[in-house]
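Here are some worked exercises for reading a fold at the bench. Try each task on the structure first, then go through the solution.

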Amino acid sequence: YSTAVLGNYSTSIRRKQQPSSLTLVQEAIQTSIIETLQKHHPKKEVPLSSLLLSKSILCSDLLNTNTSICPKKIELFGDDRTLILPSKAFQGKEFDTFILQHVGKEEGWNIKEILEEFRLVLWKTLSEYYGGCPRIVRRGSIDPKSKIRQSGHIILWPPELLILQKQQAENNSNNNNIHPFKAAGWICVTEQGIRQSLDLTKVMFSRGNITEKIRFGTICVKKGDVVLDMYAGIGYYTLPAILKGKASYVHACEWNSQAFVALQHNLQDNSIPKNKIELCFGDCRKMLFMNENKFNRVCLGLLPSSEGGWETAVRALKRPEGGWLHIHGNVPDKEITVWSTWLCYELHRILTQQKQEENNNWVVWCDHIEKVKSFAPTVSHYVADVYMGISQNFQSNYQNTTTATTSIGYFDTNGNFNTKNDNVINIKIPSCALYANTEGPLSSQEWMK
């Protein structure tokens, strides 16, 4: 994605080396090895021919290093251009062996200290090479069984941020909570003029969702809509709904306390009027009974599945006319038709079970499937735009759809599945089903149910 789309401004990148076949990352490693070598061999005289030969060998070795430990490029993130390193980069036995091979080992040296010192030199060099970025962070891993879904990112540099982070951790353990805006990991990411701030060590942020945020705010949401954002986070879809879609009102729910505080800040930072937003801290599935039957549009932006919130979402739709559900999920690419058809089937089953009189004249129609980004090989993040409401409101739109991914079919008021070409479609359970597939990859995710 371009810096224009991401809202970041490019800065000049400074190279200390002459242009070579090395990448910027490899050049930084080369410079850091030489600097560490010179520091620990200050009095050792090395012939120029030997030095040039060693540098040539180092250059050749760098070009052949494993990209998992020595990536060719690094992500710049946020308005301040924080450097995000891959989780396994520049660490591990293989990388340490490579560094020691070129720095050398002398009797009496503390190998651990040498490697720690090298990494500090490397972080500083990377910062200089990438335009003076103020912070370097290692990408963390997300516990799939945790409902809080923290990013797990770890701050590596500069040293003063590490000290600040340690002090804040000690204060938090003593119940002296630090204001999130002063946290070592606090960062702002501006996309399409929308400012989104968060603590990147506590809260997730996916740059790959930018296209869906734009689509949701500029295409899906209509002026005057009343929107429910069931998994609001820091305002990923809440903010575009109000600022781009001109929704009249958004009810935003979140249960991660760190994300909730960031959401409150982002609403104020983007000058959202208080009469346009209502916040709900806690489990949206248990706290919306006072807000039934009032929403034109519901966003269910939880991955890998939002199935646990479908009943609440159906109950939240406005009566008698109905509205739209925007359902996110990680779905195997080859099962996308199976998923979208089964999704409509499940929503119709929920509709029938709720037994509201207004539901008798409702249809369930999957209007469009949007591919957002790749999640893993053969699995992608998709969004299904599903209409649930009275049949009169969708007939003309349904007749005008032509593509296979737009409107595979719909469940009518009698619960029958209809297609344009009268094709017979059997309802199958996709492998990504949360409840129905007891042996699927999500069957153990109790917190989603």
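**Exercise 1. Work out the strand order of the four-strand sheet, and find its edges.**

Step 1: the 4 strands line up as β1-β2-β3-β4 in an open sheet with mixed pairing. Strands here are DSSP runs of E with at least two residues, helices are runs of H or I with at least four residues, and both are numbered from the N terminus. Two strands count as paired if DSSP finds at least two bridges between them.

Step 2: look for strands that pair on one side only, and you get β1 (75-77) and β4 (154-157) as the edge strands.

Step 3: check the twist; ignoring direction, neighbouring strands in this sheet are turned by 35° against each other on average.

Step 4: zoom in on one pair. β3 (residues 136-138) and β4 run antiparallel and are joined by 3 bridges. I136 has W157 in β4 as its bridge partner.

A word on the model before going on: this is a predicted model, where local features need pLDDT of at least 70 and side-chain atom pairs count only at pLDDT 80 or more, while totals for chains, interfaces and linings use all residues. Residues are numbered from 1 along each chain as its sequence is written, and side-chain values use heavy atoms, with hydrogens and water left out.

**Exercise 2. Describe how α4 and α5 pack.**

Step 1: place α5 (residues 111-129), which lies across β2 (82-85), β3 and β4 and runs at about 85° to β4. Axes are lines fitted to C-alpha atoms, for helices over the stretch in contact, and angles run from 0 to 180 degrees between N-to-C directions.

Step 2: get the geometry of the helix pair. The axes of α4 (residues 93-103) and α5 come within 11 Å and cross at roughly 95°. That makes the two helices, α4 and α5, roughly perpendicular to each other, a label that covers 65 to 115 degrees.

Step 3: list who touches whom, with contact meaning heavy atoms within 4.5 Å. F95, D96, I99, L100 and V103 of α4 meet I111, I114, L115, F118 and R119 of α5.

Step 4: check burial (under 20% relative accessible area, with a 1.4 Å probe and protein chains only). The buried residues of α4 include F95, I99 and V103. Just after α4, G104 takes a positive phi of about 95°.

**Exercise 3. Which strands edge the nine-strand sheet, and which helices pack on it?**

Step 1: read off the order, β9-β8-β7-β10-β11-β13-β12-β14-β15, an open sheet with mixed pairing.

Step 2: β9 (277-281) and β15 (417-418) each have a single partner strand, so one side of each has no neighbour in the sheet.

Step 3: try a parallel pair. β7 and β8 pair in the parallel sense over 4 bridges, and D229 has A252 in β8 as its bridge partner.

Step 4: add the helices. α7 (residues 210-220) touches β7, β10, β11, β12 and β13, and its direction makes about 150° with that of β12. α11 lies across β11, β12, β13, β14 (410-411) and β15, at about 135° to β12.

Step 5: look at β8 side by side. Y249, H251 and C253 point one way, V250, A252 and E254 the other, and all are buried.

**Exercise 4. Find the largest nonpolar core and its best-connected members.**

Step 1: set the rule. A nonpolar core is a set of buried Ala, Val, Leu, Ile, Met, Phe, Trp, Tyr and Cys residues joined through side-chain atoms within 4.5 Å.

Step 2: the largest core has 39 residues, and V298, L325, W339, L347 and M388 touch the most other members. α11 gives the most to this core, with 8 residues.

Step 3: take V298 as a test case. Beyond neighbours within four places in sequence, V298 contacts L228, M230, A313, A316, L317, W324, L325 and H326. A second, separate core of 35 residues includes I194, V227, A241 and C299.

**Exercise 5. Is N293 buried or partly exposed?**

Step 1: find N293 in the loop between β9 and β10.

Step 2: its relative accessible area is 27%, so N293 is partly exposed, the class between buried and exposed, with exposed being over 50%.

Step 3: N293 and A316 are 23 residues apart in sequence, yet 4.7 Å apart in space, C-alpha to C-alpha.

Methods:
Angles under 35 degrees count as roughly parallel, over 145 as roughly antiparallel, 65 to 115 as roughly perpendicular and the rest as oblique.
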